[in-house]
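Let's take a friendly walk through a protein model, one part at a time. Keep the 3D view open and look for each part as we come to it.

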Amino acid sequence: MSVSVTFLGGLGEIGRNCAALEVDGKIALIDVGLMFPEEDMLGVDLVFPDWSWLVERKKDVACVVLTHGHEDHMGALAYFLRDISVPVYGTELSVKMAEGRIEEVGVKSDLRTITQNKWTSHGPFKFMLIPVTHSVPDASAIVFDTPEGLVLHSGDFKLDPTPIDGRPADLPAFAALGKQGVRLLLSDSTNAEKDGFEPSESSVRQPIADVIRDAPGRVIAACFSSHMHRVQQIADAGVAAGRKVAFFGRSMHKYTTLASELGLLDVPEASVVDIKALSNHPPEQQLLITTGSQGEPFAALSLMSQGRHKFVELGDNDTVLISAKPIPGNETAVSKVISNLIRRGARVVHGRNSHVHVSGHAAREELLTYLNLIRPTAFVPVHGEYRHLAAHAELARKMGVPQVDILEDGDRVTVDGDRTYVERRAVPAGYVYLDGSAVGDVQGGVLRDRSHLADEGVVVVTVGIDHDNGEIVFGPDLDSHGLMDDPSSVLKKAADAVRSAIDEHDSGRTDHAEMQKTVRQAAGKVIRSETSRRPVILPIIMEV
Ligand SMILES: [Zn+2]
Ligand SMILES: [Zn+2]
């Protein structure tokens, strides 16, 4: 009986991680993540995997298993469950993090908390979560015991021997799987181009403590709200330096509350104050922990950098600590925020000028160690852009893994006895966009229009035409947006051209579409030759 894995996302991009494991005609999903839009995806809020082929096979979909609570692994889950309602398995924290999102979207769900290192059965699937270290607590690898042998998905991981919760990746468990024989390994490629070992999370403790202790005034620290260990380390440094700690940002409140409830975050109550009360204390006793490390335009840090924040006006004595690295696509936004913060007089400490951040993903030596522990028969690198997948594949080949294949979104790998084979483009795997609250309404064409509008501007041509004889009754009036500073002379020339083009149509009543085309061509030609630009031209023809 063959066993296959089909990739819906995450292979060729960082984000929207989602893989479908098929055993005996039934399907278990490993993660259902989202991707944040890239800079050329104008007006798009989120990007999802395309699960349309699963909708067609709805009755075969058995369950979802989550590796961890990051958005790129469970951010699309609520929308998936709206289409395909199945039970979802994960560790307590992963499930609680997913629950928040599901409640916001308002779908029914059947969330099942499972314990790591214990086998769970669901239909033909038998699986187990194994502890790994990552930038969110309670992260796991997943192993499936299938008729074709063990299929292991690493999840997002690093091999941190000294994590701050004292729960390192379970290397003995992985070694045992390796001994038993792993038929197919899927492993995190994010840092496959990075040499050495990724430093431990505990290595940033002292540098962060130094920054916070030595800051002459207020400290504003930004990090991912889901990185509860980082939040803990920043808060610890603040408390040790005698500062009051305030949390800010919707997700920061949500996740710090959740983490405290689950015992994953521990900040003495006496040290925590509301942001409004923070300014009652002298600046050198203030620590604000906030969201916005990704340069998100409406997050606190960005607003502060523009002098538009409700509670915090930055000045010369302030220190901003950015304890995060921009995820791909956010680099420009983050860089702008940093520049603006410095312009306002703040001192900015970030991962590039100080050791205040480490990655949650394994670097090359860790990946080699992992491959050596597992020694799979077949290997497919996952979670990365193509270059990362290729670098990881090279490591595996060097290690002598018998079968190594680089797959992309939509491809499928099948293990069948001794054979391992790959089917390219087995299922549709295009981007599905969430725009406002509608999923899938925006297509590539719409994005091209938006990009065109943003680059070249728009010209609206209004003209009234006599219904009977096709002559101009009023106009043409031309109005432009985003074309140039003073478009009046260009628009006047274009209006003349439109007028004579319409006059040349002396054939009585004109076809509406034909008239639109005439107007668009006449105006476009003049504007192009005068400005070298190609704005979107919208002809509005009124027949009177
Ligand atoms: Zn991830
Ligand atoms: Zn992750």
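## A sheet of seven strands

In this predicted model, seven strands line up as an open sheet, in the order E8-E9-E10-E11-E12-E18-E19, and their pairing is mixed. At the edges you will find strand E8 (120-122) and strand E19 (403-404), each of which pairs on one side only. Strand E9 covers residues 125-131, and three bridges join it to E8 in the antiparallel sense. To see one of the partners, look for Thr120, which is matched with Phe127 in E9.

Helix H12 (residues 364-374) packs on this sheet. Strands E10 (140-146), E11 (149-153), E12 (182-188) and E18 (378-382) are touched by helix H12, whose direction makes about 165° with that of E12.

## Two nonpolar cores

Which residues have the most contacts inside the largest nonpolar core? They are Phe7, Leu29, Leu54, Phe80, Phe144 and Leu152, in a core of 120 residues. Take Phe7 as a guide: leaving aside neighbours within four places in sequence, Phe7 is in contact with a list of residues including Cys18, Leu186, Val380, Leu407 and Val413.

There is also a second, separate core, made of 22 residues. Ala497, Ile502, Ile527 and Ile537 are among them.

## Two zinc ions that share a residue

Now find the zinc ion called ligand 1. Asp72 (OD), His73 (NE2), Asp156 (OD) and His383 (NE2) coordinate this ion at 2.1 to 2.2 Å. Along the chain, the donors of ligand 1 follow the spacing D-H-x82-D-x226-H. Why is the arrangement around the zinc ion (ligand 1) irregular? The four donor atoms subtend angles of 86 to 164°, while four donors count as tetrahedral if all angles lie between 85 and 135 degrees.

The zinc ion (ligand 2) has four protein donors, His68 (NE2), His70 (ND1), His134 (NE2) and Asp156 (OD), lying 2.1 to 2.4 Å from the ion. Their spacing along the chain is H-x1-H-x63-H-x21-D. Here the donor atoms subtend angles of 91 to 166°, which makes this arrangement irregular too. Two of the donors, His68 and His70, are buried.

Did you spot the name that both ions share? Asp156 coordinates both zinc ions, which are 3.4 Å apart. Asp72 lies in helix H2 (residues 71-74), and Asp156 in the loop between E11 and helix H5 (171-180), so this pair ties together parts that are 84 residues apart in sequence. Both Asp72 and Asp156 are buried.

## A sheet of three strands

Further along, three strands form another open sheet with mixed pairing, in the order E25-E24-E26. Strand E25 (472-481) and strand E26 (536-543) stand at the edges with a single partner strand each, so one side of each is left without a neighbour in the sheet. From one strand to the next, the twist averages 10°.

How many bridges join strand E24 (residues 458-465) to E26? Eight bridges join the two, and the strands run parallel. Within this pairing, Val459 stands opposite Ile537 in E26, and Ile537 is a residue we have already met in the second core.

Two helices go with this sheet. Helix H15 (residues 488-504) packs on the sheet and touches E24 and E25, with its direction making about 145° with that of E25. Helix H16 (residues 512-531) lies across E24 and E26 and runs at about 140° to E26.

Methods
Residues are numbered from 1 along each chain as its sequence is written. Chains are lettered from A and ligands numbered from 1 in the order in which they are written. This is a predicted model: local features need pLDDT of at least 70, side-chain atom pairs count only at pLDDT 80 or more; totals for chains, interfaces and linings use all residues. Side-chain values use heavy atoms; hydrogens and water are left out. Two strands pair if DSSP finds at least two bridges between them. Helices (H or I, at least four residues) and strands (E, at least two) are DSSP runs, numbered from the N terminus. Contact means heavy atoms within 4.5 Å. Axes are lines fitted to C-alpha atoms, for helices over the stretch in contact, and angles run from 0 to 180 degrees between N-to-C directions. A nonpolar core is a set of buried Ala, Val, Leu, Ile, Met, Phe, Trp, Tyr and Cys residues joined through side-chain atoms within 4.5 Å. Buried means under 20% relative accessible area, exposed over 50%, partly exposed in between (1.4 Å probe, protein chains only). Donors are N, O and S atoms within 2.8 Å of the metal (3.2 Å for Na, K and Ca); water is not among the atoms, so sites may look incomplete. Four donors count as tetrahedral if all angles lie between 85 and 135 degrees; four count as square planar and six as octahedral if opposite donors are over 155 degrees apart and all others between 65 and 115; anything else is irregular.
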